[in-house]
Amino acid sequence: MKHRVPVLGILALAASCNAVPSASVTPRYGPLGLDGDIAVSASVASVRSSADALGADEDDDGLAPRADADWGPFDAWVSLYNGDFGGRGVAEGQLDLGGVIITAGDVVDSELELSFVDGGIVWDLIPGETVDLGIGLGAASIDFDANIRSVTTGLEVGASESFTVPVLAARGAIAAGDFEISVVATGFGIDTGIDDVTFMDADAMAAWRFLGGDTVSGGLVIGYRYAMVEADFGSFGSDVEADLELSGPYLGLTLQL
């Protein structure tokens, strides 16, 4: 993947703390459903085509690992997602990329890759064994890559872009015995004058620890994730707008050290 991952640097802060951090790794599976629309136009006015109409709604990769760490009053996490969507559909609006035009109504084959890595580090406003609530900062690195080919004419339009976004981060958790429910969220938006991007990722997870030990423990997790990417950027003299949402449940196992 093309990520330049500033997020990983947040975990390096642990080295400056006196407390020994605990860490967990959670591989998770559950393909997220894609919703939203895309527009590509050389003019200000454009008609959007939904991802569903374009056929970009079949995801063949549902792996989304997450790593967590906590030490003293700090909690941190990093989460990775990579989705490849593709299929056959119809362009609802005209797609004009640098003079290459796919006409509205054309049958198209679409491929869309959306991947991101994001995370945060928070300071506990309400620390405790039962209830935990913290706020802080983080970062997200986002890759967008789309290619749409007209079956009717054979013409193709494609656009790719990478973004790095600073985010606000929040985490809340409630624990009782071997059970814990936690919610983490990151989100923010930036407008550089060239690129305009808004990102949000919310992840609710319930964990049951069924394997315990002095140094290693394991658990089963179920959860639900919602992510949103809104991006507006230029490519080959045209304006590309993508408003996309990802959501769905997942299952996973967690290993805690």
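## A salt bridge between Arg209 and Asp178

In this predicted model, Arg209 and Asp178 form a salt bridge, and their closest N and O atoms are 3.3 Å apart. The two partners sit in distant parts of the chain: Arg209 belongs to strand E13 (residues 196-211), while Asp178 is found in the loop between E11 and strand E12 (179-191), 31 residues apart.

Are these two residues buried, partly exposed or exposed? Arg209 counts as partly exposed because its relative accessibility is 41%. Asp178 also falls in the partly exposed class, with a relative accessibility of 36%.

## The chain as a whole

Let's step back for a moment. The chain has 257 residues, and 44% of them count as buried. Its secondary structure comes to one helix and 15 strands.

Contacts across the sequence are worth a look too. Taking the contacts between residues at least 6 apart in sequence, 67% join residues at least 24 apart. As for the outside, the accessible surface of the chain comes to about 12200 Å², and carbon and sulfur atoms account for 61% of that surface.

## More salt bridges

How many salt bridges does the structure hold? There are 13 salt bridges in the structure. One of them joins Glu241 to Arg48, with the closest N and O atoms 2.5 Å apart. Glu241 lies in strand E15 and Arg48 in the loop between E3 and E4, so this pair ties together parts that are 193 residues apart in sequence. Glu241 is buried, with a relative accessible area of 15%, whereas Arg48 counts as partly exposed at 30% relative accessibility.

Another salt bridge is made by the side chains of Asp132 and Arg171, at 3.0 Å from N to O. Here, too, distant parts of the chain are linked: Asp132 is in strand E10 and Arg171 in strand E11 (residues 156-176), 39 residues apart. Both Asp132 and Arg171 are buried. There is also a network of salt bridges, which links Arg28, Arg66, Asp68 and Asp203. In general, side chains of opposite charge can pair when their charged atoms come close.

## Ser79 and its neighbours

Now to a buried spot. Ser79 lies in strand E6 (residues 74-90), and it is buried because its relative accessible area is 3%, under the 20% cut-off. Which side chains make polar contacts with the side chain of Ser79? One is the side chain of Arg28, in a polar contact of 3.2 Å. Another is the side chain of Arg225, in a polar contact of 3.0 Å.

Arg225 has its place in strand E14 (residues 217-235). Like Ser79, Arg225 is buried, with a relative accessible area of 2%. Leaving aside neighbours within four places in sequence, Ser79 is in contact with Arg28, Pro65, Arg66, Phe116, Val117, Asp118 and Arg225. Two residues of that list, Arg28 and Arg66, also belong to the salt-bridge network.

## How strand E3 is paired

Strand E3 (residues 33-41) has partners that you can trace in the structure. With strand E15 (residues 238-256), E3 pairs in the antiparallel sense over nine bridges. Within this pairing, Asp37 of E3 stands opposite Asp243 in E15.

E3 is also joined to strand E4 (residues 49-50) by two bridges, and these strands run antiparallel. Where is the bridge partner of Ile38? The partner of Ile38 is Ser49, in E4.

## A nonpolar patch on the surface

On the surface there is a nonpolar patch of about 640 Å², made by Trp123, Leu125, Ile126, Val131, Leu133, Ile135 and Ile174. Which strands each supply at least two residues of this patch? They are strand E9 (107-126) and strand E10 (131-150).

Ile126 is one of the patch residues, and it lies in strand E9. Ile126 counts as partly exposed because its relative accessibility is 42%. Strand E10 also holds Asp132, which is buried. As a general point, in a regular strand the side chains alternate between the two faces of the sheet.

Technical notes
Residues are numbered from 1 along each chain as its sequence is written. This is a predicted model: local features need pLDDT of at least 70, side-chain atom pairs count only at pLDDT 80 or more; totals for chains, interfaces and linings use all residues. Side-chain values use heavy atoms; hydrogens and water are left out. Helices (H or I, at least four residues) and strands (E, at least two) are DSSP runs, numbered from the N terminus. Buried means under 20% relative accessible area, exposed over 50%, partly exposed in between (1.4 Å probe, protein chains only). Patches are made of residues with over 30% relative accessible area and no salt bridge: like charges are joined within 9 Å, nonpolar side chains (Val, Leu, Ile, Met, Phe, Trp, Tyr) within 5 Å. Accessible areas come from the Shrake-Rupley method with a 1.4 Å probe; for residues, only the protein chains shown count as cover. A salt bridge is a side-chain nitrogen of Lys or Arg within 4 Å of a carboxyl oxygen of Asp or Glu. Contact means heavy atoms within 4.5 Å. Two strands pair if DSSP finds at least two bridges between them. A polar contact is a pair of N or O atoms within 3.5 Å; within protein, one must be able to donate a hydrogen and the other to accept it, and residues adjacent in sequence count only if both atoms are side-chain atoms.
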